[in-house]
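Q: Hey, I'm new to this one. Can you walk me through it?

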Amino acid sequence: MKHLWRGTFKIGNTASVLYAYANTEKQAKFVMCRRIAKKDGVPFGAVMNSADVSINKEMEFTEEGE
């Protein structure tokens, strides 16, 4: 089950807060960086390498056993 992650990104003088459902922190960062790159029209690698990033688990989901 995927968890809800909250990412704060600071690129240059712009700050953004994004949310994503993902299994791991690394996967969440990847998803969020792709969203920023698409929104701003910049290469994905530029966002991954230049962003000051903080990603935290906002909500953890677990499945109940039968």
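Q: What share of the contacts between residues at least 6 apart in sequence join residues at least 24 apart?
A: In the protein chain that share is 48%. Contact here means heavy atoms within 4.5 Å.

Q: Anything I should know about the model itself?
A: This is a predicted model, where local features need pLDDT of at least 70 and side-chain atom pairs count only at pLDDT 80 or more, while totals for chains, interfaces and linings use all residues. Residues are numbered from 1 along each chain as its sequence is written, and side-chain values use heavy atoms, with hydrogens and water left out.

Q: OK, how many helices and strands are there?
A: The protein chain has 2 helices and 3 strands, and along the sequence they follow the pattern β-β-α-α-β. Helices (H or I, at least four residues) and strands (E, at least two) are DSSP runs, numbered from the N terminus.

Q: And in what order do the strands sit in the sheet?
A: The order is β2-β1-β3, in an open sheet with antiparallel pairing. Two strands pair if DSSP finds at least two bridges between them.

Q: Which are the edge strands?
A: β2 and β3 (52-59), each of which pairs on one side only. The twist averages 20° from one strand to the next.

Q: What packs on that sheet?
A: Helix α1 (residues 25-40) does, touching β1, β2 and β3. The direction of α1 makes about 130° with that of β2; axes are lines fitted to C-alpha atoms, for helices over the stretch in contact, and angles run from 0 to 180 degrees between N-to-C directions.

Q: Back to β1 and β2, how many bridges do they have?
A: Strand β1 (residues 3-11) and strand β2 (residues 14-22) pair over 9 bridges, in the antiparallel sense. Among the bridge partners, R6 goes with Y19 in β2, and G7 goes with L18 in β2.

Q: What about the turn, which residue takes a positive phi?
A: G12, with a phi near 65°, in the hairpin of β1 and β2, which has 2 residues between the strands.

Q: Switching to S16: buried or exposed?
A: S16 sits in strand β2 and is buried, with a relative accessible area of 18%. Buried means under 20% relative accessible area, exposed over 50%, and partly exposed in between (1.4 Å probe, protein chains only).

Q: What does S16 touch?
A: Not counting residues up to four places away in sequence, S16 touches G7, T8 and F9.

Q: And how much of the whole chain is buried?
A: Of the 66 residues of the protein chain, 26% count as buried.
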